Protein chains: 2
Amino acid sequence: MTKQRALILQIVQSTHEHLTAEQIFLEARKKMPTIALATVYNSLNYLCENHMIEKIGFTGQTDRYDKMLVRHDHKLCEKCGAISDVIIDGLKEYIEEKNGSDVLSYDLTVHHLCPTCRAAAKS
Amino acid sequence: MTKQRALILQIVQSTHEHLTAEQIFLEARKKMPTIALATVYNSLNYLCENHMIEKIGFTGQTDRYDKMLVRHDHKLCEKCGAISDVIIDGLKEYIEEKNGSDVLSYDLTVHHLCPTCRAAAKS
DNA sequence: AATTAGATTTGGAATCGTTCTAAATATATT
DNA sequence: AATATATTTAGAACGATTCCAAATCTAATT
């Protein structure tokens, strides 16, 4: 674990946002102005391989990175694009029950309207 | 609906595979050797916007395109990368029940071992 | 049938996100 | 301290996608 990797990890861990590599790079440069973009990608890949963070992808968007907390999925606001976390209890079991029992894991993106956009839509 | 768009639509509709834009381009050139890659992308975007086909994305992979049949999701083999269709009945309702009732839609990717890889792993 | 207007296609350049490469640097081992 | 190994840096290269301007097609109008 190098200084660079620790910094990248800390950036991903200390936000509730779901940052892109570019955003993480810009953030990292504030603390370490000489860090290279390649190092950011390298570190992100390293941290993913070692299950310290997670890469998440939404169709048609660049990948984002998320800290590893309890296993969770994501909600994406159809209107403003805001991303939030969501936990659906028992979903793995539900999928297994419907599909047979060979589920290793799953990725779920729930499309919705966030509270702000929902309120705006009502008026 | 132009000749080019009709051809792209026909290619996506007449396969069970989940082709990338590049694969569709190569296929299209067999029938229409002068078609441009830009036209393939243009047509794919047009067909998606008009809900005639669907773009699907897996984290860390280029996007693929799928025909519009009954609403379904995808299984991805962890070992060989094979993609197959899956229908999980009542999943929208299950997610709504667990999460509140503001689900517009969802994308699900189930990670598993396909029958072939599963058989190979057992031995 | 010729003219025009609008949409689409073509081919190539441009862009974006990501990975690769080679040289420099840092870290760990003898 | 000398060596070997891993990591970083900076920039080039790459793959996927979009943009652009010119050419072509389509449909409507004369």
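**Entry 1: the two parts of chain A**

I started with domain 1 of chain A and domain 2 of chain A, whose C-alpha centres lie 23 Å apart. Domain 1 covers 3-66 and domain 2 covers 73-122 in chain A; such bounds come from an automatic or database domain assignment. Before going on, I noted that this is a predicted model, where local features need pLDDT of at least 70 and side-chain atom pairs count only at pLDDT 80 or more, while totals for chains, interfaces and linings use all residues. Residues are numbered from 1 along each chain as its sequence is written, chains are lettered from A and ligands numbered from 1 in the order in which they are written, and side-chain values use heavy atoms, with hydrogens and water left out.

How many residues of domain 1 of chain A are in contact with domain 2 of chain A? I found 6 residues of domain 1 in contact with 6 residues of domain 2 (contact means heavy atoms within 4.5 Å). The two domains of chain A bury about 490 Å² between them, with 66% of it on carbon and sulfur atoms. Buried area here is the accessible area (1.4 Å probe) that two parts lose on being put together, summed over both.

**Entry 2: the two copies**

Next I looked up how chain A superposes on chain B: a rotation of 180 degrees with 0.1 Å of shift along its axis does it, at RMSD 0.1 Å. The two copies are thus related as by a two-fold rotation axis. The superposition is by least squares on the C-alpha atoms of residues with pLDDT of at least 70 in both copies.

Which residue of chain A comes closest to the rotation axis? That is A:Leu108, with its C-alpha at 2.3 Å. I also saw that 100% of the interface residues of chain A are interface residues in chain B too, so the copies meet through the same surface.

**Entry 3: DNA strand C**

I counted 17 residues around DNA strand C, the closest being A:Tyr41, A:Thr62, B:Thr2, B:Thr34 and B:Thr39 (near means a heavy atom within 4 Å). Sugar and phosphate make up 80% of the strand C atoms that come within 4 Å of the protein.

I then checked polar contacts, pairs of N or O atoms within 3.5 Å. A polar side-chain atom of B:Thr39 is 2.7 Å from a phosphate oxygen of strand C. For B:Ala36, a polar backbone atom lies 3.2 Å from a phosphate oxygen of that strand.

Note on methods:
A polar contact is a pair of N or O atoms within 3.5 Å; within protein, one must be able to donate a hydrogen and the other to accept it, and residues adjacent in sequence count only if both atoms are side-chain atoms.
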